[in-house]
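Got the viewer open? Then let's take a walk through this chain, one selection at a time.

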Amino acid sequence: MTFRLTPGTGLVLPAHAGVLRFGMSERAAQWAASTLADIRVDGWMCGTHWDFFFVYRDVTVTAYACTACPEQALGHLIVERTERVPVRAAAVPVAFGDLDLFGYPIHELSEVLDPSDRKLLLPPAVNLQSTHYLSAVSIDACEGARR
Ligand SMILES: [Zn+2]
């Protein structure tokens, strides 16, 4: 029962639900995610062609195509804790390689991540000494508008 972030590819879903793969159509992405959880389409994000999200245990996943995404295909993924300021590991691991990004406080993550992965995965404003847990991580296939 693990989410697995694979930059360049997308997000492997837990419970053999499949993969949210960059370049997928909205329909294909919703189909993959709907085997895991109820999809919510609120159209709350501006500047996107489409977006949807779902909640699985204590993790929210948002998938979207921004206006710069080629062929309006999936180009951006955000994985967030449902808690605003998490003080413990998430119930569902969010793996990056061998590391559970939501399983350790930020200061421990920043010690073990390569500088390039740190830049890729951690928000620019994050305090690397923080003893809080990471509240969100995003990966993008497209250079266009990050949220
Ligand atoms: Zn985009």
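A quick bit of vocabulary before we start: helices (H or I, at least four residues) and strands (E, at least two) are runs assigned by DSSP, and they are numbered from the N terminus. Keep in mind that what you see is a predicted model.

**Stop 1: the whole chain.** Switch to a cartoon view. You should find three helices and nine strands. Going along the sequence, they come in the pattern β-β-β-α-β-β-β-β-β-α-α-β. The radius of gyration is 15 Å, close to the 15 Å that the globule rule gives for 147 residues, so the chain is as compact as a globular protein of that length. Along its principal axes, the C-alpha trace spans about 40 × 30 × 25 Å. Buried residues account for 29% of the 147 in the chain.

**Stop 2: a loop with a cysteine.** Select cysteine 46, which sits in the loop between helix 1 and strand 4. Is cysteine 46 buried or exposed? It counts as exposed, because it has 9 C-beta neighbours inside 10 Å, and the cut-off for exposed is 12 or fewer. Now add cysteine 66, 20 residues away along the chain: the two C-alpha atoms are 8.9 Å apart.

**Stop 3: the open sheet.** Next, select strands 4, 5, 6 and 9. These four strands make an open sheet in the order 4-5-6-9, with antiparallel pairing. Strand 4 and strand 9 are at the edges with a single partner strand each, so each has one side without a neighbour in the sheet. Ignoring direction, neighbouring strands here are turned by 15° against each other on average. And what holds strands together in general? Strands of a sheet pair through backbone hydrogen bonds, either parallel or antiparallel.

Zoom in on two of the pairings:

- Strand 4 and strand 5 run antiparallel and are joined by eight bridges. Pick phenylalanine 53 and you'll see threonine 62 of strand 5 opposite.
- Strand 6 and strand 9 are antiparallel too, with five bridges between them. Pick valine 79 and look for its bridge partner in strand 9, valine 137.

While you're at strand 9, colour its two faces. Val137 and Ile139 make up the covered face, while Ala136, Ser138 and Asp140 are on the uncovered one.

**Stop 4: helix 1.** Select residues 26–34, which are helix 1. Which residues of helix 1 are buried? They are Ala29, Ala32 and Ala33. Look down the helix axis: the buried residues fall within an arc of 95°, so they line one face of the helix. An α-helix has 3.6 residues a turn, so residues three or four places apart point the same way. The cover over the buried residues of helix 1 includes strand 3 (19–21), strand 4 and strand 5.

**Stop 5: the core.** Finish inside. The largest nonpolar core has 35 residues, and Leu20, Val79 and Val94 touch the most other members. Helix 1 supplies at least two residues of this core, and so do several strands, including strand 1 (3–6) and strand 7 (94–96). Strand 5 gives the largest share, six residues.

Show leucine 20 last. Setting aside neighbours within four places in sequence, leucine 20 is in contact with Ala29, Ala32 and Ala33 from Stop 4, and also with Gly10, Leu11, Leu13, Ala63, Leu74 and Leu77.

Key
Residues are numbered from 1 along each chain as its sequence is written. This is a predicted model: local features need pLDDT of at least 70, side-chain atom pairs count only at pLDDT 80 or more; totals for chains, interfaces and linings use all residues. A nonpolar core is a set of buried Ala, Val, Leu, Ile, Met, Phe, Trp, Tyr and Cys residues joined through C-beta atoms within 7 Å. A residue is buried if 20 or more other C-beta atoms lie within 10 Å of its own, exposed if 12 or fewer, and partly exposed in between; C-beta atoms are placed from the backbone. Two residues are in contact if their C-beta atoms, placed from the backbone, lie within 7 Å. Two strands pair if DSSP finds at least two bridges between them. Axes are lines fitted to C-alpha atoms, for helices over the stretch in contact, and angles run from 0 to 180 degrees between N-to-C directions. The arc is that of the directions from the helix axis to the C-beta atoms. The radius of gyration is taken over C-alpha atoms; the globule rule is 2.2 Å times the number of residues to the power 0.38.
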